[in-house]
Each structure stands twice: as C-alpha cells, then as structure tokens.
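Reader: Please take one part of this model and go through it closely. I would like the sheet described strand by strand, and then its surroundings.

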Amino acid sequence: MDSPTASTTEGSTARIVTSRSSVIESIRGCGLSGLRVNKEDLKKKLSMPKYLRHAIRDSINSKDVNATADRYREGNSAGREEAPEGPMVVFVNSRSGGRHGPELKERLQQLMGEEQVFDLSEVRPNEFVAYGLGCLEKLAGLGDFCAKDTRDKLRILVAGGDGTVGWVLGSLTELHRQGREPVPPVAVIPLGTGNDLSRSFGWGGSFPFAWKSAVKRSLLRAITGPVCRLDSWHLLMAMPRGEVVDPPHSLKSTDDCSLDQGLRIEGELPEKMNCYEGVFYNYFSIGMDAQVAYGFHHLRNEKPYLAQGPISNKLIYSGYTCTQGWFLTPCISDPSLRGLKNIIRMHVKKVNCSEWEQIPVPKSVRAIVALNLHSYASGRNPWGSPKPEYLEKKGFVEAHVDDGLLEIFGLKQGWHASFVMVELISAKHIAQAAAIRLEVRGGEWKDAFMQMDGEPWKQPMSKEYSSFVEIKRVPFHSLMVNGD
C-alpha cells in the first residue's frame, strides 16, 4: 500500500457508507425519492416567453444576432411578459443513453417547449453561445427587461456523458474571455459510461430506469440546486512537425506554441513544431490505461453493435484490458510495455510555489494520471483519503475540485490497478501540482498513448526530438449545479 489511509475499522465503515450512498443514489436516480413534481407547475417555472424562444431559434438558424433582435424587439413592447422563475436550456446528446436518447429529447421538449431543447447533432454549444445568448443580450441592450432577466437567471442542463458536459463547459468559457457575465451554471442528466463529472456533483452515475418521472425531478433540481465551482485545465501539446497525430475532438490545432519560459528546455528543439491545445475537467493520463482506452474506442467504432449501453461497454472494456498486456505480458518482453520512466521527464509547480521542480517518475509506473475530481473510472477514488499526518509529511493538502491543484498518481500494472479500482489500496502518489510539464522522448518507443477526459489518442514519438505536454489551470472557474 502506497499511502496510509484510515484504519481497518474506519475502512469497513467507509465501505458501508459507500454502499449505503450507492443505494440512495440508485433510489434517487430511479425517481423514487422526494415529492411528485406537477408537470404544469414545472413547465411554468422553466418555459421562456414564446417570443424569446423564437428569437433564440431564429438567431441560431440565421447566425445573425442583430437582424433577429431587431425583428423581435417589439415582442415585449407592452412590458407584460415576465421571465420565468428558472429559465432553462437543454443540450441532448441523442446518441448517448442507448435507445433512450431520442425519447428523452421528446420528453424534455414536452416539459419546457421545443425551442429550449437542442440536439447536439443539430446545434453546437458554441453556436448557442454566439447566437442564442447573443440574441438575449442584444434584446436586453435594447431595453427588453424580460430578455435581461432571462439571460441573468439562465441555467443549462446537459443530457450526455462526461465528454458532452465538457464540450458545453468549454464553449461557455468564451463568455469569460469576452466579458459576457454571468456564465450559466450547468446541471447533468448522465447518459455516458463513466459519468464522473455527474457523480462528482450529485447527479448520479447512470441513466435511471424510471427515467420519465426522474426527468421532472432532475429539471427541478437543476433550477433550484446550489452553484459550485470547478477548476478547468488548459493543455498544450507541442511536437516536432512532420509527426502525424489524429487528435480527439477536445484537442484543436493552434499556432501558439509558447511553452512556459520559466523552465529551460534541455537539448535541441526542432525548427518547426506542431501544436494542439484543449481543456479538460476530470483527468489527463499517459501510458497503459490510455492505450487500453484507445484500443477500446477503435473496437467500438469498428463494431458499433457491441456498444449497446454502459453495462455492455464496461464488460467489453474489462475484457479488452486483459488482452493489452496490463496483466499477463512480462514488461521485459516488449519495449512498449516498459515503465514510463524510460521516456518521460516530469516537472511540476507545487502549491503556492512559482518555481518548477523536477519530480522523479517511479520506475514501476506504467500509467500516470493527473486527476482533478474525486471520481475516476466510473466513480473510483484512486487518490484515496490520506490521513492529515500523511498529507503534512508529503507536503500535500486535502484535495478539492476548485483548489487549483491536480493530484498526480501512478498505476503499476493490471493487478495493482485492479486493487486501486476496488479501493483496497491507494494509487502510487507522485505529486500535487498547480502546473505540469511532461517532456516525452521516444527512444525504442514508436508511440505513446494519451487521453483527456476519456478521449484517447496515439501520440507519435521521435527519437531525435522531444514532445511536450504542458498543463496549467484556466484562470477562471467553471460553474456546476449541485444535484444533491
């Protein structure tokens, strides 16, 4: 065991509490807790005035805020329209949640109006931010108090997995950059496989069986729940030009390759670099776990009939893990299965410290994870709950989702990872960091595997030059609605 946690008695108690919490979460998810929610009362709380719904729709379709606002500026000329108590916009990933995605979309449209529910295959979050919110802001600027009140009180509900939630959160960061506050907080209906963001903020880990009744309660919690802060992390990847990479949706090509100048780069840099950037909310990882995820995603894309829902996904993922060298293949048989110490140099900025410090990579570690949330791999907590005296000895602090720190830990091999995932032991604690720089050099390795919030990719390696991954906190918080 890599770090002391609670005693055996305390550990048993914790497992009982965890089991009890899981049962309560299941009951809540099935819609069996709380009072009945009246459909008409709920619709009145959620639904915007008709002229605003149509203005938002037309602005997005035409991609012309000014013309749309001018056309609807007389919509509340008499001043009789009022903003609802809890104006809500919903984004639905209709491809998630198995066969329930389209049904859920239809149910939500019945509860608040068709124009307030967007299918992500038809309307992207950034389009809503630019044109939908832009239209409300334009109308508010023209003296429409109903539009202003609606914009100020607006909340967003995302029906999808962690990747979908991250996509919406990332689009909303543009409001910070453009000074367009307030930024709407985000609630969740979990439709993905892991749903760690959803778990972390009290929305549960799976799509409920009795979902038709649960949806009304989720909507009510979404407009009444308290707002919490969440750190988000910017990742910059710089690699020698000429290397081909197929990045996930969360990484975009950028011309800005400026790495932190406070840390000197050892060795020679190539004349030209390719750079990608993105934002993550839960974790970044490199190594065997990302390799397994990469293979699983390709298997699922090649044979989509295997992906019928979260349970089948998890079973296939577990089986696929056993074929990738996590468990049975000796590490010395293939250079690609050796420890990450052979290819990675890691520097971090620790809490309340502005200087970079090199951190040795344990030779046994085959996967390194930088974790933001307390939930990883469908609700596990690999960092554990270290005792205060252990935290003080290691120079760590208690982990929180808005503390400006990432918890960096390592997984050694399949058996170690398995014990960590069932919370018999904690992962190999490496560091807590406010910023991270990874320098990756190939040697005998042809590729490294990386992933960011569940989106994996294969990173080509160069024998001559290093690739760099630099992670820093975004200077403003994302906002989540707590569903507890």
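Author: Seven strands form an open sheet in the order 7-8-6-18-15-10-11, and the pairing is antiparallel. Two strands pair here if DSSP finds at least two bridges between them. Helices (H or I, at least four residues) and strands (E, at least two) are DSSP runs, numbered from the N terminus. At the edges stand strand 7 (252–254) and strand 11 (357–359); each has a single partner strand, so one side of each is left without a neighbour in the sheet. From one strand to the next the twist averages 25°. The axes behind that angle are lines fitted to C-alpha atoms, for helices over the stretch in contact, and angles run from 0 to 180 degrees between N-to-C directions.

The sheet belongs to a predicted model, in which local features need pLDDT of at least 70 and side-chain atom pairs count only at pLDDT 80 or more, while totals for chains, interfaces and linings use all residues. Residues are numbered from 1 along each chain as its sequence is written, and side-chain values use heavy atoms, with hydrogens and water left out.

Strand 15 (residues 435–440) deserves a separate look. Six of its six residues are buried, so strand 15 is largely enclosed by the rest of the structure. Buried means under 20% relative accessible area, exposed over 50%, and partly exposed in between (1.4 Å probe, protein chains only). Both faces of strand 15 are covered, with A435, R437 and E439 buried on one side and I436, L438 and V440 buried on the other.

Strand 15 is joined to strand 10 (residues 344–349) by six bridges, and the two run antiparallel. In this pair, I344 has V440 of strand 15 as its bridge partner. Strand 15 also pairs with strand 18, again in the antiparallel sense and over six bridges. There R437 stands opposite E470 of strand 18.

Strand 18 (residues 467–473) pairs with strand 6 (residues 233–240) as well, in the antiparallel sense over six bridges. In that pairing L236 stands opposite E470. E470 is thus placed opposite R437 of strand 15 and opposite L236.

Past the edge strand 11, R366 lies in the loop that leads to strand 12 (367–371). R366 is buried, with a relative accessible area of 5%. Its C-alpha atom is separated by 8.4 Å from that of K341, a residue 25 places away along the chain.

Next come the surroundings, starting with helix 8 (residues 162–177), which contains S171. Helix 8 has 16 residues and reaches 23 Å from its first C-alpha to its last, close to the 22 Å expected at 1.5 Å a residue. That expected span is 1.5 Å times one less than the number of residues. Among the buried residues of helix 8 are D162, V165, L169 and L172. S171 is buried too, at a relative accessible area of 9%. Leaving aside residues up to four places away in sequence, S171 touches P125, N126 and V129, where a contact means heavy atoms within 4.5 Å.

Helix 8 is followed by G179, whose phi is positive, near 70°. In the loop between helix 8 and strand 4 (186–190) sits P182, joined to E181 by a cis peptide bond with omega of about 0°. N195 lies in the loop between strand 4 and helix 9 (196–200). N195 is not a glycine, yet has a positive phi of about 55°, and is buried at 2% relative accessible area. K63, also a residue other than glycine, has a positive phi near 55°; its place is in the loop between helix 3 (50–62) and helix 4 (65–72). At 44% relative accessibility, K63 counts as partly exposed.

For the whole protein, there are 14 helices and 19 strands. Of its 484 residues, 53% count as buried. Among contacts between residues at least 6 apart in sequence, 79% join residues at least 24 apart.

The mean pLDDT, the predictor's confidence in each residue from 0 to 100, is 82, and 78% of residues reach 70 or more. Over residues 1–33 the pLDDT is below 50, and this stretch has 39 contacts in the model beyond near neighbours in sequence. Residues 326–333 also have pLDDT below 50, with 22 contacts beyond near neighbours in sequence. Where pLDDT is low, the predicted coordinates should not be read in detail.
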